[in-house]
Amino acid sequence: MNLCACGGRGDPNAQCTCSAQRLARYRDRLSRALLDRFDLVVAMARPRATELAAGPAEPSELVRGRVCAARERLGRAPPRRNEAADAMLTRAVERLALSGRGRARVARVAQTIAALADADSVGPEHVGEALSYRVPDELS
Amino acid sequence: VIVIGRDALPPLLRAIHDPPLRIYVRGNGAPQLLAEPAAAIVGARACSPYGRQVARMLGRELAAAGVVVVSGLARGIDGEAHRGALEAGGHTVAVLGCGIDRDYPAVHAALAAVIAERSLLVSEYEPGVEPAPWRFPARNRIIAGLCAVTIVVEARERSGALITADFALEEGREVFAVPGDITSSLSAGTNELIRLGATPLIASADVLEALGVPVPAPAALELGPTAAALLERLPASPDELVAACGLRTPEVAAALAELELLRLVAQEEGIYRALRTS
């Protein structure tokens, strides 16, 4: 979705003309309860002309190999959180408004990230990356 | 709800040229709170992420130093300033443009409840008075009147926040404006204030000095080298940081999460910003 109704928010080359009420109404269309169920929320900048003109990126076939290996790993011996990762998750629950479901989601995403990286255990860097994909506060 | 008559108004408010006949005060904070060193933080309702985060940061830093943060409970800058002060465990006063018993705007009803629990809500209107656009400029004179310092965080040209700044200037109070992008219409009003002679706000310590409040020593930080390097590059998106620092995406994401948990950065609309003045 765009960040606002007029589409200007978040675009350095445009000015948002939405009023506070219009912005609130637009964002209210997705309830907090729904947003809480999203595992990955990634902000995408409008691509620049050079990026649009660039050739294809990594082929899906390569990505598929990584994903299959990670899935197999998760089914066989899923990586566990180490102590530092646990501490970070606890701190995140205290500091950010993470619900019980939110915490469980972050833990699962962190585990997937660790499996994709073929790590022995889930470390704080994986929890950190998972946290960076949660719904930012301003959408809630 | 208690009522304070004109003769018992806090000294700064009594000193303005048209002080209210009386003010209504609601909340668990002591009425003496209104006589303590206070700074008004005001600005646009439809603010940018920059304005929102600066307002929150200033509210937090000033309240942590013992300053009462005064604002108008509106959406945007006002609400963030109140929240920042509450986050720091400090005091914040909301001045309403409607009856003291009304929660306006409705989206800030919960915020108003927390402010009432920990600090004070103030209005010159008796219970039951409806919010009306023409009451807000009058409300702004009370916001400016309660404070020795008024800070405008973001304002378009002809914004209501500029009215608050005008009241402050008329009473000879100090006005700070937060400098912004010259290409952002949301900073047109604040940049214009600076051109007209308002002090550009570079650090919250400047405000504390203007109020004669001791500046707390900055807390020592123990940051990893990655986190420290990223902090130097903000504001930026994670992708830009990956490109600029030659790091991998997971490293950047983990370091940003670490910084966010330390409340040193905040993300909005995909851009991470430092929550401290550099």
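Is A:E58 buried, partly exposed or exposed? In this predicted model, A:E58 is partly exposed, having a relative accessible area of 44%.

**View 1. The salt bridge between A:E58 and A:R66.** The side chains of A:E58 and A:R66 meet with a nitrogen-to-oxygen separation of 2.9 Å. As stated above, A:E58 is partly exposed at 44%, and its partner A:R66 is also classed as partly exposed, with a relative accessible area of 39%. The pair belongs to a structure that holds 19 salt bridges over all chains.

**View 2. A salt bridge within helix α4 of chain A, formed by A:E72 and A:R76.** The side chains of A:E72 and A:R76 come together at 2.8 Å, N to O. Because the two residues are four places apart in helix α4 (residues 60-76) of chain A, about one helical turn separates them. An α-helix has 3.6 residues a turn, so residues three or four places apart point the same way. A:E72 counts as partly exposed at 44% relative accessibility, whereas A:R76 is exposed, with a relative accessible area of 55%.

**View 3. A salt bridge between two loops of chain B, formed by B:R102 and B:E130.** The side chains of B:R102 and B:E130 meet at 3.0 Å, N to O. This pair links distant parts of the chain, since B:R102 lies in the loop between β5 and α4 of chain B and B:E130 lies in the loop between β6 and α5 (135-145) of chain B, 28 residues apart. B:R102 is partly exposed at 27% relative accessibility, and B:E130 is likewise partly exposed, at 49%. Elsewhere, salt bridges that share partners join B:R52, B:R56, B:R60, B:E80, B:R83, B:E87 and B:E268 into one network.

**View 4. The buried face of helix α4 of chain B.** In helix α4 (residues 109-118) of chain B, the buried residues are B:L111, B:A112, B:I115 and B:A116. Seen down the axis of α4(B), these buried residues fall within an arc of 140 degrees, and they therefore line one face of the helix. On the other side of α4(B), B:A110 and B:E117 are exposed. The elements that cover the buried residues of α4(B) include β2 (22-26), α3 (77-87), β5 (92-95) and β6 (120-123) of chain B.

**View 5. The surroundings of B:A188 in helix α7 of chain B.** B:A188 is placed in helix α7 (residues 188-195) of chain B and is partly exposed, with a relative accessible area of 24%. When neighbours within four places in sequence are left aside, B:A188 is in contact with B:A155 and B:E157. The C-alpha atoms of B:A188 and B:E157 are 5.8 Å apart in space, although 31 residues separate the two in sequence.

**View 6. The interface of chain A and chain B.** Here 25 residues of chain A are in contact with 25 residues of chain B, and the area buried between the two chains is about 2100 Å², of which carbon and sulfur atoms give 51%. One salt bridge is found across this interface, namely that of B:E260 with A:R134, whose closest N and O atoms are 3.2 Å apart. Two residue pairs are counted in polar contact between the chains, both at pLDDT 80 or more. On the side of chain A that touches chain B, α1 (20-28), α5 (83-95) and α7 (124-132) of chain A each supply at least two residues, and the largest share, five residues, comes from α7(A). By class, that side of chain A has 11 nonpolar, six polar and eight charged residues.

Terms used. Residues are numbered from 1 along each chain as its sequence is written. Chains are lettered from A and ligands numbered from 1 in the order in which they are written. This is a predicted model: local features need pLDDT of at least 70, side-chain atom pairs count only at pLDDT 80 or more; totals for chains, interfaces and linings use all residues. Side-chain values use heavy atoms; hydrogens and water are left out. Contact means heavy atoms within 4.5 Å. Buried area is the accessible area (1.4 Å probe) that two parts lose on being put together, summed over both. A salt bridge is a side-chain nitrogen of Lys or Arg within 4 Å of a carboxyl oxygen of Asp or Glu. A polar contact is a pair of N or O atoms within 3.5 Å; within protein, one must be able to donate a hydrogen and the other to accept it, and residues adjacent in sequence count only if both atoms are side-chain atoms. Ala, Val, Leu, Ile, Met, Phe, Trp, Tyr, Cys and Pro count as nonpolar, Asp, Glu, Lys and Arg as charged, and the others, Gly among them, as polar. Buried means under 20% relative accessible area, exposed over 50%, partly exposed in between (1.4 Å probe, protein chains only). The arc is that of the directions from the helix axis to the C-beta atoms.
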